[in-house]
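Reader: Please walk me through the side-chain packing and charge pairs of this model. Keep it brisk.

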Amino acid sequence: EPVADRKIDLQKEARIYVSHATPGEEFRIENAIDNNPETKWVGEAHPLSFQPANIVIEFLKPEVIERVTLQSIVFRDKLALKDVELYARAEGGWAGETPLAKVQATNVLTQISFPVVKTTALRIRIRDTWREDHSYPRIHEIEVHRSPWEPVDRVLKAAPIADEKGSERFVLRRMSGEKYVAPGTVFDPAKGYVHYVREFLDTMI
């Protein structure tokens, strides 16, 4: 089967959403799957070393995949993509203990191959750019390629990502459309307001 025929049409066969983007139609995440290398997604100004940017691609049906291609750009003399992690969805979460790949981009085009996996969604976790402020990642095109082979004896298990903060999980839930439901904690006057503020901050940090 030709490689071109194995590329998933992400506009028709998937849903894509992102945790962070610079405001404006010209920077939205859908630009990264429109097959036009002139358009782009641009992240925000916050340092990725503090809070990664996450792109989630949900397939309309389970897909057997083996390769992802990311096209970035050199902007103001710096490559706008550096450290990237890939995770597959497993059961009700992400296979955080077994990432598909952890790579460092050194060229405009980054091709990431990994052992064949069957999944319903792909998470692209961007940890850094080559900029001094570690911000504003840019991706012009994302491609996901099917594999002609079925995975052999590979079962993914949901597990947390070791360095994922509570705030990152919160943003992921929000961007997927999940409504936040406050915990049903009964206020205890003996503990005081400061106790609950600290509890909230510990969860978010």
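Author: What follows is a short exchange on the core, the salt bridges and the rings. This is a predicted model, where local features need pLDDT of at least 70, side-chain atom pairs count only at pLDDT 80 or more, and totals for chains, interfaces and linings use all residues. Residues are numbered from 1 along each chain as its sequence is written, and side-chain values use heavy atoms, with hydrogens and water left out.

Reader: Which element gives the largest share of the largest nonpolar core?

Author: A nonpolar core is a set of buried Ala, Val, Leu, Ile, Met, Phe, Trp, Tyr and Cys residues joined through side-chain atoms within 4.5 Å. Buried means under 20% relative accessible area, exposed over 50%, partly exposed in between (1.4 Å probe, protein chains only). The largest core has 37 residues, and the elements giving it two or more include β1, β6, β9 and β11 (strands are DSSP E runs of at least two residues, helices H or I runs of at least four, numbered from the N terminus). The largest share, seven residues, comes from β3.

Reader: Which residues belong to the second, separate core?

Author: This core has eight residues. Among them are Tyr 17, Val 56, Tyr 87 and Trp 94.

Reader: How many residues apart in sequence are Arg 89 and Glu 58?

Author: They form a salt bridge (a side-chain nitrogen of Lys or Arg within 4 Å of a carboxyl oxygen of Asp or Glu). The closest N and O atoms are 3.3 Å apart. Glu 58 is buried at 17% relative accessible area, whereas Arg 89 is partly exposed at 23%. Arg 89 lies in β6 and Glu 58 in β3, so the bridge ties together parts whose separation in sequence is 31 residues.

Reader: Where does Lys 7, the salt-bridge partner of Glu 143, lie?

Author: The Glu 143 and Lys 7 side chains meet at 3.6 Å, N to O. Glu 143 is in strand β11, 136 residues away from its partner. Lys 7 lies in the segment before α1 (10–13).

Reader: How far is Arg 138 from the ring centre of Phe 75?

Author: A charge sits over a ring if NZ of Lys or CZ of Arg is within 6 Å of the ring centre and within 35 degrees of the ring normal. Lys 82 sits over the ring of Trp 130, 4.4 Å from its centre. Arg 138 lies over the face of Phe 75, and its distance from the ring centre is 3.7 Å.
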